[in-house]
Amino acid sequence: MEEVDVLIIGGGATGLVASMLLSTYGVDTLLVSKYPETSRLPKAHLLSMKTMEIFRELGLEPMIRAQATPPANMQYVGWYAGLGGPSPDHGREIARLGAWGRGHEDIDWRRASSTPYANLTQSRLEPLLRRHAEELAADRVRFNNSFVSLKQDDDGVIATLKDGLTSQLYQVRARYLLACDGGRAVGPQIGVTMDGDLAVATNVTVHFSADLSSWARDPEVLIRTIFNPDAGRPCVLVPVGPDRWGPQSEEWVLHFISFPGDHKQYDEQTCLALMRESLGIPDLEPEIHVINHWPLDAVVASRLRVGRCFILGDAAHRMPPSGGHGLNTAVQDAYNLCWKIAAVLQGAASDALLDSYAAERRPVAERTVASAFSNWQNARLMGAALEYGGGRSKEEMWESLHLLWSGEGQEAGRLRANLSTALVASLTTYNHLNVNFGYAYQAGAVVGAGSSEPESLDEIQIYRPSTQPGHSVPNAIVEDAHGSSLLADELGGGHFTLIAGEEGRAWCEAASVVAARRGLKLKAFTLGATSGDRLDMRREWERQREFGKTGAVLVRPDRFVAWRCLEGAAEPEKVLEDALNLILGGNRTNLTSGETPAGVMVENGKNRTALRSEIPVGGMIDG
């Protein structure tokens with residue numbers, strides 16, 4: 001029987017990221033995947049700023065951007081009356097919308113992160129991830145090895161696996177098991193169910209090569225939704241490179257939606273006919289690489305932890321592709337969990353810390369799945385606004401488009417008003433900065449979460465940076481004697497970071513003592529506009545930090561704020577020690593002060609109660 005600290009089931013993006021993170025944290029892992037290779041399907045492709053920050057930390061950002069869509073080719077989404085056809089109106093633009101920060105030119109997106117969105121298909125991303133995971137953990141990434149069964153006790157998990165080449169069964173004992181298998185095997189064996197809407201429709205994806213440069217327009221548009229009245233059926237067209245982009249792309253992906261009751265086979269012949277009709281190119285002769293059918297689900301796992309097994313990625317949540325949240329949410333699951341497992345295995349935290357994974361990630365999963373499902377439903381509003389489909393003849397649909405483009409009078413005004421309403425609804429799909437980046441943890445491994453939440457102007461689009469515990473650390477450029485750097489690059493790497501105000505040296509000294517005593521990886525520095533270990537010469541940090549010159553903020557390895565103190569404290573070591581006891585799963589009732597620090601939310605079943613305590617003399621803990 002082999003022994004390992006963490007066994008990872010599943011070799012997609014979630015499992016590979018978990019393997020890489022744990023390897024960099026010094027944890028012994030084994031990853032197995034039942035497939036002989038990574039996915040050939042170009043399903044997921046949008047990589048969010050948070051996800052790219054993780055890939056930057058892992059050293060993968062240059063390789064990904066070298067293959068990804070150039071920013072100039074992913075600024076907009078558009079709606080078109082076909083792609084080609086017999087008249088000048090065939091292929092004409094109906095509407096367009098800025099998306100994903102318009103190539104990172106939108107100021108709010110730049111303020112949120114200095115690491116822009118990227119666009120690279122899953123089929124080209126995962127081989128990069130696999131290579132890097134294998135470099136970090138030689139002989140510990142095994143494809144063509146499948147999960148069979150498991151049993152667990154108080155000390156770990158024993159998993160039975162099968163070698164795909166020899167068909168031989170073997171066993172691995174692990175301290176913890178991560179189920180990153182899409183919910184296919186591990187979850188059902190340990191009683192995890194999926195709650196929500198299953199198979200509300202089927203997405204039919206056609207990956208093909210063709211030269212569409214004679215018909216495709218607008219190189220700045222990445223995703224084209226096609227409403228060709230001659231076809232009466234919408235589809236979505238996306239260029240996927242790999243060497244040229246925009247209208248010059250060599251490869252493309254076309255998506256159709258099949259609703260329950262549609263019994264077409266969607267084989268190559270059927271899909272080819274639909275492609276020609278929808279795009280308006282009757283003599284199109286593409287090279288079809290693969291046709292894939294996959295159900296559109298909007299579900300969240302009933303449990304994210306069962307004993308020593310954890311549920312991540314598609315095994316924890318599945319959602320429609322509207323908004324591009326699926327892969328990104330999965331990668332964030334791994335980033336949230338892996339530092340916690342490392343801290344427990346290395347003796348810096350108790351196993352109770354691992355309960356915070358579900359407390360933090362399940363609300364995010366529920367919110368994101370709901371947003372994606374709403375986006376998918378909103379997509380129908382565009383067709384309704386254009387009076388497309390619904391049994392109308394192609395002549396009637398063309399008449400509506402002509403009125404929209406150049407008509408006058410009440411009817412044309414009504415159509416334009418409906419189109420504007422549909423475009424506003426589409427903003428939640430393509431301008432979802434607060435869903436994708438601005439979510440905060442209200443309970444879990446944070447001290448003082450939710451005690452003074454800033455009012456949200458828009459739950460979907462508007463992100464307001466904050467150092468409130470539970471929030472992502474605000475973005476800033478800092479400087480020292482060696483030049484400028486991103487504050488984000490000071491964070492992560494499996495270590496905590498304490499950032500004190502320019503007069504908060506006592507916090508840094510306390511952090512050094514507490515970290516050494518606890519065996520905790522923790523770096524500390526002062527940051528201020530006029531003085532400090534790092535200088536905030538642009539005053540970006542000062543405008544966002546929300547605490548004074550003598551205060552401090554403690555940042556977790558996943559770049560979320562764990563705790564902050566608005567000003568200095570008479571006993572900084574004690575205050576910091578008490579906070580870390582709570583964050584890392586220490587005894588929640590036998591702290592130095594005898595009570596829980598003010599504003600801390602302690603979970604008791606489904607209820608959370610705010611407990612009061614003494615505020616250290618000379619200081620104030622948030623709340």
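The following exercises, each with a worked solution, concern a predicted model.

Residues are numbered from 1 along each chain as its sequence is written, and side-chain values use heavy atoms, with hydrogens and water left out. Since the model is predicted, local features need pLDDT of at least 70 and side-chain atom pairs count only at pLDDT 80 or more, whereas totals for chains, interfaces and linings use all residues.

**Exercise 1. Describe the sheet that contains β11 and the pairing of β11 with β14.**

Step one is to fix the elements: helices (H or I, at least four residues) and strands (E, at least two) are DSSP runs, numbered from the N terminus. Two strands pair if DSSP finds at least two bridges between them.

Step two is to read the order, which is β5-β4-β12-β13-β14-β11-β15-β18 for the eight strands of this open sheet, with mixed pairing. The edges are β5 (93-98) and β18 (317-318), each of which pairs on one side only.

Step three turns to the pair itself: β11 and β14 (residues 251-258) run antiparallel to each other and share eight bridges. Within this pairing, V204 has F256 of β14 as its bridge partner.

**Exercise 2. Characterise the surroundings of H207.**

First, locate the residue: H207 belongs to strand β11 (residues 194-209). Next, consider its accessibility, where buried means under 20% relative accessible area, exposed over 50%, and partly exposed in between (1.4 Å probe, protein chains only). H207 has 9% relative accessibility and therefore counts as buried.

Then list the contacts (heavy atoms within 4.5 Å): leaving aside neighbours within four places in sequence, H207 touches P42, V240, E251, W252, V253, E287, I288, H289 and V290. Finally, the side chains of H207 and E251 make a polar contact at 2.8 Å, the term standing for a pair of N or O atoms within 3.5 Å, of which, within protein, one must be able to donate a hydrogen and the other to accept it, while residues adjacent in sequence count only if both atoms are side-chain atoms.

**Exercise 3. Determine how many disulfides the model holds, and explain the case of C235.**

Begin with the criterion, a pair of cysteine sulfur atoms within 2.5 Å; by this rule the count is zero. C235 forms no bond because the closest cysteine sulfur, in C271, is 11 Å from its own, which is too far. C508 is likewise in no disulfide, the nearest cysteine sulfur, that of C565, being 13 Å away. As for accessibility, C235 is buried at 2% relative accessible area, and C508 is buried at 7%.

**Exercise 4. Identify the residues with positive phi and the cis peptide bond, and place them in the chain.**

The background is that most residues other than glycine have a negative phi, and most peptide bonds are trans.

For the first residue, N144 has a positive phi near 65° and sits in the loop between β7 (141-143) and β8 (145-152). With a relative accessible area of 23%, N144 is partly exposed.

For the second, R539 has a positive phi of about 60° although it is not a glycine, and its place is the loop between β23 (534-535) and α15 (540-544). R539 is partly exposed as well, at 38% relative accessible area.

The peptide bond comes last: from G241 to P242 it is cis, with omega near 10°, and P242 lies in the loop between β13 (235-239) and β14.
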